[in-house]
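Here's a quick walk through one protein model, domains to begin with and overall dimensions at the end. Have the viewer open and follow along.

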Amino acid sequence: MSKPRQTVAIVGAGIGGLTAALAFARNGAEVFVLEQASELKEIGAGIQITPNGARVLNALGLADDCAAESIVAQGVQPMDAITGQPVTRFDLTTKSPAYRFFHRASLVTILADAAKKAGVHISLGQRVCAVTADGTVVTDAGTLHADIVVGADGIHSVTRDLFAGPKAEFTGQVAWRGVIVAPDAPAIAHIWMAPKRHVVTYPLKGGLLNVVAVQERTDWAAEGWDHMDDPTNLQSAFSDCAPNFQEILAQVETPSLWGLFRHPVAQVWSKGRVVLLGDAAHPTLPFLAQGANMAIEDAFVLAHCCAAHASVQSAFRHYQQLRRDRVIRAISAANANAKNYHLSGLKRSVTFAGLKTLGAVAPSAFINRLSWLYDYDVTR
Ligand SMILES: Cc1cc2nc3c(=O)[nH]c(=O)nc-3n(C[C@H](O)[C@H](O)[C@H](O)COP(=O)(O)OP(=O)(O)OC[C@H]3O[C@@H](n4cnc5c(N)ncnc54)[C@H](O)[C@@H]3O)c2cc1C
């Protein structure tokens, strides 16, 4: 006898929630997405989708839309932000599918449009106040019951409250995000490294350059976890750096400032009919560009486990088994980058010399060193 059609309620219409919505709908489920924001928008920032994430988007039938709305990355160039000189350059073109740079808003639109076409019901302005293990979701407007509730509500997840895990804590690092006009920017990610700070820049469709600047600091007094900042604060954080680099930062007119928060990877990702994915389960520092890519992978695996297993509980167990070690490995690689990008003194000189040699003798080393990450295919 075939299984009755599953109903799935997804809390959060971020990249993880929308990918899950599409994947569940493609597997025949009736899907409801509840998003607190009154419109789907991700303003003023880019996102790097690496081959492992792209494989999922392709499997969901989005290859053409993704190709039309993104730029294929050609390389990554570590830079000495103090001298303004390249340290080396690595090639990013050897992987298939391609490593891509997206405007976040474009990726969200692609996912939301495809989800709606697949029959997903997306309700905006619906803040979820609580969920219970029996599959009940309480919003400001009422109550919903589903066979499966997916908590894709990000780092400050309300769904995660059900699991009584530790709250997200400030990591001692802040990030400014902004875009500038740069029609001639090459299709390269530049990593500008300085002691206790770094900046990543990469181009976006429409002649823009995405700028993410990270600084280690102890004070984080903002009420929210992101807000608009005075551009002179960004500039003065890098005032000892090279003029060619400072010129880029000087063009960021309206930077938003984010406190980077984290909590440990959840021990248990499900309870009763409720399951977590993406940042709600395992936030990561953005130094390996994997937070959204991991959420995309989670979404695909979860939907497939739920379609394949007879019971929700065994599906959730299998999902966590397939995902937990991998996300822990990605998170520790991102943590290592956090250290390597911010070196000072002798360690910095030695690391730069090593990178220079590596880039000269093995330009594919950067991407090959991460083949455990980029070559992984959750769709197989
Ligand atoms: C500066 C920076 C750069 C980054 N760059 C990259 C990158 O290049 N590549 C990459 O892979 N990752 C990157 N990341 C990480 C990535 O942004 C996150 O990991 C990813 O967005 C997580 O997706 P998610 O769907 O789990 O959560 P989110 O994107 O946080 O989405 C959660 C959604 O849930 C909604 N929500 C929350 N609470 C409720 C509620 N109670 N009721 C209803 N809705 C709710 C929110 O409004 C939101 O829409 C970066 C992060 C930062 C900070």
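## Two domains

The domain assignment cuts the protein chain into domain 1, made of 7-72 + 97-168 + 263-341, and domain 2, made of 169-260 + 342-368. Keep in mind that this is a predicted model. Between the C-alpha centres of domain 1 and domain 2 there are 26 Å.

## Where the domains touch

Contact between the two involves 19 residues of domain 1 and 20 residues of domain 2. On the domain 1 side, the elements that put in two or more residues are β3, β4, β8 and α8 (312-341). Of these, α8 gives the most, with four residues.

What sort of residues make up the side of domain 1 that touches domain 2? Sorted by class, there are nine nonpolar, seven polar and three charged residues.

## A small sheet to look at

Three of the elements just mentioned turn up together again: β3, β8 and β4 make an open sheet of three strands, in the order β3-β8-β4, with antiparallel pairing. Its edges are β3 (46-49) and β4 (70-72), each of which pairs on one side only. Going from one strand to the next, the twist averages 25°.

Zoom in on β3 and you'll find four bridges linking it to β8 (residues 100-103), in the antiparallel sense. If you want a spot to start from, G46 stands opposite H103 in β8. Then there's helix α4 (residues 104-117), which packs on the sheet and touches both β3 and β8. The direction of α4 makes about 85° with that of β8.

So β3 and β8 show up in two roles: they contribute to the side of domain 1 that touches domain 2, and they're also the strands that α4 touches.

## The chain as a whole

Zooming back out, the protein chain has 11 helices and 21 strands. How far does the C-alpha trace span along its principal axes? Roughly speaking, the box is about 65 × 45 × 35 Å.

The radius of gyration is 21 Å, which agrees with a compact globule, because one with 380 residues would come out near 21 Å. As for burial, 45% of the 380 residues count as buried. Contacts reach far along the sequence, too: among those with a separation of 6 or more, 75% are between residues 24 or more positions apart.

Note on methods
Residues are numbered from 1 along each chain as its sequence is written. This is a predicted model: local features need pLDDT of at least 70, side-chain atom pairs count only at pLDDT 80 or more; totals for chains, interfaces and linings use all residues. The radius of gyration is taken over C-alpha atoms; the globule rule is 2.2 Å times the number of residues to the power 0.38. A residue is buried if 20 or more other C-beta atoms lie within 10 Å of its own, exposed if 12 or fewer, and partly exposed in between; C-beta atoms are placed from the backbone. Two residues are in contact if their C-beta atoms, placed from the backbone, lie within 7 Å. Two strands pair if DSSP finds at least two bridges between them. Axes are lines fitted to C-alpha atoms, for helices over the stretch in contact, and angles run from 0 to 180 degrees between N-to-C directions. Domain bounds come from an automatic or database domain assignment. Ala, Val, Leu, Ile, Met, Phe, Trp, Tyr, Cys and Pro count as nonpolar, Asp, Glu, Lys and Arg as charged, and the others, Gly among them, as polar.
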